[in-house]
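Visitor: I'd like to go over the pockets in this model. Can you put it up?
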Amino acid sequence: MPAAGPVPTAAAVKAAIDDLADPDRAESSAWFFKTGPGQYGEGDRFVGVSVPAQRKVARAFRGLDRAGVRDLLSSDIHEHRLTGLLLLRSGFERADSDSDRREWVQCYLDAVYEGRVDNWDLVDSSAPYILGESLVEEDHSLLFELVADVDLWRRRVAILATHAFIKRGDATTLLELAPLVLDDRRDLIQKAVGWMLRETGKRVDRGVLLDFLEQHAAQMGRTALSYATEHLTAEQRSHFRGLR
């Protein structure tokens, strides 16, 4: 048998990411992800590595254990955390038992509650594929706990997790969650709700989306409504805007 390769470590992952650092990209990313004072990503630090490059690093270090993933998620560097989430997703998907899957999910929830999943790309690349997938055949009450939290990122995690159900033709949980956040005018919540409603119209049933909008369009913010109605006809979009 061939000799086993070296055991992946968090330090090696960080070094691989840092070797790809690009100061110009880092500056651009810091602007794009709103890291200035008072912005949603305030204080986040970037070294400047593209997402495709981070995915390549994650593939190279597939098999990193949970302790290593936690180490990456505790980093102040955004790309370390994103790569850590990619590796966490890989560990979850490759888990060989229910208990192993549950431990990966708990690792993810710990990161969410500790504020380590703290930008929209981190949420969107993990919530549907880890938390959402883990709840497909389970009780969904955890999502209602998360969406009741005023924290921006926990709310977005709950909303994006429903994509796992929507892809399977079930929008029930989203339709119960969405009214709970319609008065939250923060842009990243508005976009998340509108996006998942649009996905409902595309993947589940357009009639389900239309029924929801007839009932709730008057309460919806402009951004959420715009996202939700993007694939409707001009006449339908005008109708729902007129309900506001």
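Guide: First, a term for the pocket linings: Ala, Val, Leu, Ile, Met, Phe, Trp, Tyr, Cys and Pro count as nonpolar, Asp, Glu, Lys and Arg as charged, and the others, Gly among them, as polar. Also, this is a predicted model.

Visitor: Fine. How do the residues lining the largest pocket divide on that scheme?
Guide: The lining of the largest pocket has 7 nonpolar, 2 polar and 6 charged residues.

Visitor: Which residues lie nearest its centre?
Guide: Arg102, Val105, Ser134, Leu135 and Glu138, out of 15 lining residues.

Visitor: And which elements give two or more residues to that lining?
Guide: Helix 6 (98–113) and helix 8 (128–134) do. Helix 6 supplies the largest share, 6 residues.

Visitor: How much space lies in there?
Guide: About 330 Å³ in the largest pocket.

Visitor: Switching to the second largest pocket. How much space there?
Guide: About 200 Å³.

Visitor: What lines the second largest pocket?
Guide: Its lining consists of Arg55, Ala58, Arg59, Arg62, Leu86, Leu87, Arg89, Ser90, Glu93 and Arg94. Two or more of the lining residues come from each of helix 3 (51–60) and helix 5 (78–94).

Visitor: Which helix gives the most to that lining?
Guide: Helix 5, with 6 residues.

Visitor: And how many of the lining residues are charged there?
Guide: In the second largest pocket 6 are charged, alongside 3 nonpolar and 1 polar. Glu93 is on the list of lining residues, as are Arg55, Arg59, Arg62, Arg89 and Arg94.

Conventions
Residues are numbered from 1 along each chain as its sequence is written. This is a predicted model: local features need pLDDT of at least 70, side-chain atom pairs count only at pLDDT 80 or more; totals for chains, interfaces and linings use all residues. Side-chain values use heavy atoms; hydrogens and water are left out. On a 1 Å grid over the protein atoms alone, a cavity is a set of points where a 1.4 Å probe fits but cannot get out, and a pocket is an open set with protein on both sides within 12 Å along at least five of seven lines; lining residues have an atom within 4 Å of a point. Grid points are joined across faces, edges and corners, and a volume is the space filled by probe spheres set on the points. Helices (H or I, at least four residues) and strands (E, at least two) are DSSP runs, numbered from the N terminus.
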